[in-house]
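Q: I'd like to learn how to read helix packing and aromatic pairs in a model. Could you walk me through it?

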Protein chains: 2
Amino acid sequence: MTSFSVTADDMDAIALGGAFLGTGGGGDPYIGKLMAKQVIARHGPVNVVSADELPDDALCIPVCMMGAPTVMVEKLPNGEEAREALSQLETFLGRKADALICIEAGGLNSTIPYAVAAATGLPLVDGDGMGRAFPELQMVTLTIHGVSATPMVLADDKGNSSVINAISNRWTERLARCQTVEMGGAALVALYPMSGAEVKRSILHGTMSLIKEIGETMAAERKASRNPAAALLKRLDGKRLFTGRVVDIDRRTVGGFARGKALFKGIDEDEGRSFEVEFQNEFLVCRDDDGLLAVTPDLICALDADGGLPVTTEQLRYGLAVNMIGLACDPQWSTPEGLELVGPRYFGYEHDYVPLNQMSR
Amino acid sequence: MTSFSVTADDMDAIALGGAFLGTGGGGDPYIGKLMAKQVIARHGPVNVVSADELPDDALCIPVCMMGAPTVMVEKLPNGEEAREALSQLETFLGRKADALICIEAGGLNSTIPYAVAAATGLPLVDGDGMGRAFPELQMVTLTIHGVSATPMVLADDKGNSSVINAISNRWTERLARCQTVEMGGAALVALYPMSGAEVKRSILHGTMSLIKEIGETMAAERKASRNPAAALLKRLDGKRLFTGRVVDIDRRTVGGFARGKALFKGIDEDEGRSFEVEFQNEFLVCRDDDGLLAVTPDLICALDADGGLPVTTEQLRYGLAVNMIGLACDPQWSTPEGLELVGPRYFGYEHDYVPLNQMSR
């Protein structure tokens with residue numbers, strides 16, 4: 001399909017699908033759903049368009065929330081701050097946006113663009129910058145293609161804002177992260193203003209369709225009283241990593257990020273084995289007693305083993321049983337340029353990237 | 001005098017006078033002098049004008065360096081980043097500045113506005129926002145008069161910059177301070193854009209004349225092989241606090257500030273007594289064994305007891321002999337509003353402000 005309309009009712013599925021691809025980060029699907037539903041109910045459905053439909057000189061702007069998920073679930077965005085960030089960026093650029101884009105998959109960050117699209121009447125591009133969630137703002141395929149994150153606007157719930165212009169996307173991350181921390185740990189941002197031509201060659205295409213489809217699959221399976229894990233594994237050509245119960249979790253908010261490690265005891269067919277998952281906002285590394293099972297930039301997605309809902313790093317708690325699923329990342333991420341941005345060594349792990357389908361087990 | 005011209009040669013005196021009133025902060029006079037001399041030699045003298053001469057609708061912009069003095073003496077500004085900050089603020093406001101202002105007294109921060117004034121050909125207003133130096137950006141009489149610090153631009157030496165819009169001057173300080181730290185500990189800034197009418201009612205008048213006169217007095221005394229302390233005490237109706245030698249110094253850079261405490265052993269007429277001075281970029285509290293001698297917002301100014309040059313907190317080192325001089329602050333600072341901004345309790349000291357002339361000793 002080249003373009004489709006998204007209603008308030010669709011947001012249930014979109015928030016679920018976004019949270020699944022969000023690999024533990026990108027915000028809480030429940031909050032994202034409520035916020036977007038409210039805005040769409042008031043302003044009407046959102047038109048999602050293929051990037052190919054954009055004129056090359058269209059101005060396209062991603063909007064999202066930046067911050068530690070720990071805080072993103074406590075500071076509820078109402079969609080207004082995101083509009084404010086967008087509006088300030090438009091003022092700075094002296095031009096109105098022609099379309100909005102989603103920067104990452106996530107329960108909140110895949111729904112915020114719908115809320116802003118509904119409120120402004122702008123179309124939303126069917127794609128995103130990650131195909132999953134990552135913790136830092138330079139971690140988008142746009143960086144690989146030389147698109148600048150700035151000018152970027154941050155806005156908080158109190159009325160503070162800033163416009164950053166930086167010499168690199170890493171510098172933008174540094175200058176925006178420290179202000180996000182000062183703003184209370186989360187800020188609404190508009191960044192990576194792009195032309196239609198840049199959108200076409202730089203984004204990951206079809207992410208919004210995929211998110212919706214994943215969410216609809218999850219909803220259908222849950223309605224039929226089945227855990228969606230099996231259907232998702234099949235649809236996404238995924239790899240079952242493990243089924244286990246959280247036995248220990250170490251979590252801290254450092255420099256604006258939620259970092260930590262969770263230990264799992266295998267259950268069902270994994271009885272007797274143990275597992276660990278390390279995260280920084282998102283799940284980044286999954287191991288069992290014998291070594292690596294999956295590693296960034298491949299996706300490590302968690303589903304509640306009972307209810308079948310996506311589990312964010314914030315929702316991990318002692319005793320929770322999860323199905324861990326691995327998905328191959330977009331081919332752009334496994335290039336040398338991609339791995340320099342989001343490979344295991346960037347995050348401080350002492351091993352190279354091993355693609356999911358080349359893992360020994 | 002209502003207006004006067006400042007040449008490259010005048011910068012020797014201005015850097016010295018600024019550093020003296022800078023109460024240990026505001027940057028190094030040697031660096032400030034070199035930078036401003038170079039720019040004035042290239043572009044010609046600076047016209048310093050009385051605030052009363054400004055049209056009420058003139059746009060007046062203060063420019064200065066923000067950061068820990070520890071860093072300000074290592075990252076040498078060349079005047080270009082300050083022009084860049086000014087130019088970006090002008091672009092954001094959609095209007096060119098009509099005059100520049102100095103935000104605080106200091107060896108560097110009283111000379112940077114001259115460099116930018118020379119390079120742009122703009123007049124410099126005879127006044128400043130503090131009548132001394134203070135560590136945080138909301139600590140200006142402009143805050144008392146309700147002038148907003150934003151829009152504010154920060155620019156670093158690498159080419160990064162940002163424009164902040166905040167709901168209060170305290171919030172501006174927070175959002176600018178964290179970026180200053182990220183930018184390497186110091187940034188050039190343009191802030192508090194004001195109308196001529198706001199300048200007239202909000203600034204401290206005559207500071208640039210006073211700085212020049214203090215510097216000229218110091219130079220004349222030094223030329224006559226006299227320590228300037230006596231002449232300055234007389235001219236400024238100051239109070240001799242002590243003469244002592246540094247016996248211990250504890251200094252650390254915390255959150256972008258140089259904080260610490262220096263202990264002194266009295267010498268000459270203070271033989272047998274001991275003293276301590278606490279600082280946060282600037283000297284804030286001076287005590288002897290029996291208690292308080294001087295406290296913020298009154299000025300605590302240090303002169304090298306041998307050479308007679310101003311001593312910044314960064315230059316304090318074991319064995320250095322200094323003359324400590326207290327000066328009464330501007331009456332605006334001893335009002336309840338002033339003390340809320342810059343009184344001892346704001347800085348975490350457990351005592352109230354006692355004016356210099358009401359100290360028991």
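A: Happy to. Keep in mind that this is a predicted model.

Q: At what angle do helix α7 of chain A and helix α7 of chain B pack, and how far apart are their axes?

A: Two numbers describe a pair of packed helices: the angle between the axes and the distance between them. Here, α7 of chain A and α7 of chain B, each covering residues 169–182, meet at about 145 degrees, and their axes are 9 Å apart. The crossing of α7(A) with α7(B) is right-handed.

Q: Which residues make that contact between α7(A) and α7(B)?

A: From α7(A) come A:Trp171, A:Arg174, A:Leu175, A:Cys178, A:Gln179 and A:Glu182, and from α7(B) come B:Trp171, B:Arg174, B:Leu175, B:Cys178, B:Gln179 and B:Glu182. By character, the contact residues are six nonpolar, two polar and four charged.

Q: Now a pair inside one chain: are α2(B) and α5(B) roughly parallel or roughly antiparallel?

A: Start with the angle. Helix α2 (residues 29–43) and helix α5 (residues 112–120) of chain B pack at about 15 degrees, with 8 Å between their axes. Angles under 35 degrees count as roughly parallel, so α2(B) and α5(B) are roughly parallel to each other. Their crossing is left-handed.

Q: What is the contact of α2(B) with α5(B) made of?

A: On the α2(B) side you find B:Met35, B:Ala36, B:Val39, B:Ile40 and B:His43; on the α5(B) side, B:Ile112, B:Tyr114, B:Ala115, B:Ala118 and B:Ala119. These residues divide into nine nonpolar, one polar and no charged.

Q: Let's move to aromatic rings. How many aromatic pairs does a search of the whole structure find?

A: The search finds 10 over all chains. One of them joins A:Phe134 and A:Trp333, with 5.3 Å centre to centre and 80 degrees between the planes, which is edge-to-face. This pair links distant parts of the chain, 199 residues apart: A:Phe134 is in the loop between β6 and α6 of chain A, and A:Trp333 is in the loop between β18 and α11 of chain A. There is also an aromatic cluster, formed by A:Phe242, A:Phe264 and A:Phe275.

Q: Is A:Phe134 buried or exposed?

A: Look at the relative accessible area, where buried means under 20%. A:Phe134 has 3%, so this residue is buried. Its partner A:Trp333 is buried too, at 0%.

Q: And A:Leu34, where does that residue lie?

A: A:Leu34 lies in helix α2 of chain A. With a relative accessible area of 43%, A:Leu34 is partly exposed. Its C-alpha atom is 9.8 Å from that of A:Leu108, 74 residues apart along the chain.

Technical notes. Residues numbered from 1 in each chain as written. Chains lettered and ligands numbered in written order. Predicted model: local features only at pLDDT ≥ 70, side-chain atom pairs only at ≥ 80, totals over all residues. Heavy atoms only, no water. Axes fitted to C-alpha atoms, helices over the stretch in contact; angles between N-to-C directions. Helix = DSSP H or I, 4+ residues; strand = E, 2+ residues; numbered from the N terminus. Left-handed = near helix turned anticlockwise from the far one by under 90°. Contact = heavy atoms within 4.5 Å. Nonpolar A, V, L, I, M, F, W, Y, C, P; charged D, E, K, R; others polar. Parallel < 35°, antiparallel > 145°, perpendicular 65-115°, else oblique. Phe/Tyr/Trp six-rings, centres within 6.5 Å; stacked < 30°, edge-to-face > 60°. Buried < 20%, exposed > 50% of the residue type's maximum accessible area, 1.4 Å probe, protein only.
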